[in-house]
Amino acid sequence: MNRIGVLTSGGDAPGMNAAIRAVVRTAIKTGLEIFGIRRGYQGIIDDDMVRMDHRSVSNIIQTGGSILVSSRCDAFMQPDGRQTALRHLKSRGLEGLIAIGGNGTLAGAHAFYSETQFPIVGVPGTIDRDVNGTESTIGYDTAVNTALDAIDKIRDTASAMERVFIVEVMGRHCGDIALMAGVSGGAEAVLVPEIATDYDRLIREIQSGFAAGKRTNLIVVAEGDDSGGGLNLQKELEKRAGLKSWVCILGHTQRGGSPSAADRFLATALGVCSVQALIAGRFGIMVGWRNDRLCESPLDQVVGTPRPFNPLHNEFLTTLL
Ligand code: F6P
C-alpha cells in the first residue's frame, strides 16, 4: 500500500482535527502518501482531494470543526454514487481510505466495503456516542463539558429567579449527553429517548420540590426524547399542571469548541491505529476503545442495530427522577 485518503463525514465533532493529524502523521511516518478528501464522501464523488504533508496538520490538535470540512452526502448512499467514488479513488491511485464520523459515515463505509472490497477503516467521531463497538466516540467528552458549563450557568439564574428551567441538549436517538451532563450538573430530572417520559411523576417531583423549599428545578432533555424536546415539554408542563418554565436549547454550541484532553487523546489513538490497521491489511472494520484498550470491530457488527442503552443508566435515571 502506497497511497491512502482520509475524510470526515456527517456532523462534525470536536477532536476530528486531532484524528486527521494523527492519521496524516502516522501515514507519512510509515512511508505512505496521504490525501485529504474535502466534504466527506461528497469529496470523493466530486474528486476534491489534496495531498497532505506533515505541516498541513500543524497547530490543529486544539481546534474544533474539521479542516477537511464535513457533509452529509446522499449520493454516496446510492450504489451509483459509490461506483463513481470507486472510479475516482482508483484514478487517484488511492489504495486505502480512513473515514471519520458517526453512524451514517460508518454505514456508508460498510456499504462501500461490501460492494467494492475497497480497503476502508472507520473511526468513530460523533458527539452523540451512539456507535456500537466502542465505549466512546471522538467529541462526546467535549460536548458533555460544553453542556455542563451551560447547565451550571443556567442554574445560577434559575436559582436567583426560582424558576423551572428546561435545558435541551443534542442526541437524536441517544440520551448519553443528557445523562452525563444532567447528572453531573445536579439536574432534578433527565429525559432521554431510551426511556418513556412519565409526566405525572415529573410534575409531582417539581411541585414537591418547590413545596419543600427548592429554589431551582433543572430538567435536562435530549432533543430526541419522546416528549419532543424542550419547547414541547414546556407546553406540556403548562397544559398538564399550569407549570411555567423557561427553555434553553444548547444546539450546535455542543459541536464546537476546543476538544478536551480526553477527546484529543482518543482521536490521536484511534487515528494512529486506523492507519496501522490499513497497513496490516485489516479492512472493513472500525477502530474503537473498550476496557481502556484500542479495539477493532467488523463494520457489519457496528452498523444496522442501535447501540443498546446501558441498563444501569436506566435504573439510575428512574431512581433519580
Ligand atoms: O452529529 C450528531 C448530531 O449533532 C446530533 O446530535 C444532532 O441531532 C445532529 O447531529 C444535527 O445535525 P445537523 O447539524 O445536520 O442538523
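**Exercise 1. Helices on the four-stranded sheet**

Determine which strands helix H7 lies across in this predicted model, and place helix H6 beside the strands it covers.

*Solution.* Start with H7, residues 199-211. Helix H7 lies across E6, E7 and E8. Its direction makes about 160 degrees with E8. Now take H6, residues 176-184. Helix H6 also lies across E6, E7 and E8. Helix H6 runs at about 175 degrees to E7.

**Exercise 2. The sheet beneath**

Give the strand order of this sheet, then find its edges.

*Solution.* Four strands make up an open sheet, ordered E7-E8-E6-E9. The pairing is parallel. Next, the edges. Strand E7 (189-191) and strand E9 (245-249) each have a single partner strand, so one side of each has no neighbour in the sheet. On average, neighbouring strands are turned by 20 degrees against each other, direction ignored.

Now look at one pair. Strand E6 covers residues 164-169 and pairs with E9 in the parallel sense. Five bridges join E6 and E9. To locate the register, take Phe165: its bridge partner in E9 is Trp246.

**Exercise 3. The second sheet**

Work out the order of the seven-stranded sheet and say which helix packs on E4, E5 and E10.

*Solution.* The order is E3-E2-E1-E4-E5-E10-E11. The sheet is open and its pairing is mixed. Strand E3 (49-52) and strand E11 (293-298) are the edge strands, each pairing on one side only. Neighbouring strands here are turned by 30 degrees on average, direction ignored.

Step inward to E5 (residues 120-124) and E10 (residues 285-290). These two strands run parallel and are joined by two bridges. Val121 stands opposite Ile285 in E10. Helix H4 (residues 103-116) packs on this sheet. Helix H4 touches strand E4 (96-101), E5 and E10. The direction of H4 makes about 170 degrees with that of E5.

**Exercise 4. A helix pair**

Describe how H1 and H9 pack.

*Solution.* Two numbers are needed: the angle between the axes and the distance between them. For H1 (residues 16-29) and H9 (residues 261-279), the angle is about 35 degrees. The axes of H1 and H9 are 7 Å apart. The H1-H9 crossing is right-handed.

Then list the contacts. The H1 side includes Ala18, Ala19, Ala22 and Val23. The H9 side includes Ala267, Gly271, Val272 and Val275.

**Exercise 5. The ligand site**

Identify the residues around the ligand, then examine the side chains of Arg172, Glu223 and Arg255.

*Solution.* First, the surroundings. Among the residues around the ligand are Gly11, Arg72, Asp128, Met170, His252 and Arg255. Arg172 and Glu223 belong to that list too.

Next, the distances, each from an oxygen atom of the ligand to a side-chain N or O atom. For Arg172 the distance is 3.3 Å. For Glu223 it is 2.5 Å. For Arg255 it is 2.8 Å.

Last, the burial. Taken alone, the ligand exposes 400 Å². The protein buries 77% of that area.

Conventions:
Residues are numbered from 1 along each chain as its sequence is written. This is a predicted model: local features need pLDDT of at least 70, side-chain atom pairs count only at pLDDT 80 or more; totals for chains, interfaces and linings use all residues. Side-chain values use heavy atoms; hydrogens and water are left out. Two strands pair if DSSP finds at least two bridges between them. Axes are lines fitted to C-alpha atoms, for helices over the stretch in contact, and angles run from 0 to 180 degrees between N-to-C directions. Contact means heavy atoms within 4.5 Å. A residue is near a molecule or strand if one of its heavy atoms lies within 4 Å of it. A polar contact is a pair of N or O atoms within 3.5 Å; within protein, one must be able to donate a hydrogen and the other to accept it, and residues adjacent in sequence count only if both atoms are side-chain atoms. Accessible areas come from the Shrake-Rupley method with a 1.4 Å probe; for residues, only the protein chains shown count as cover. A crossing is left-handed if the near helix is turned anticlockwise from the far one by less than a right angle, and right-handed if clockwise.
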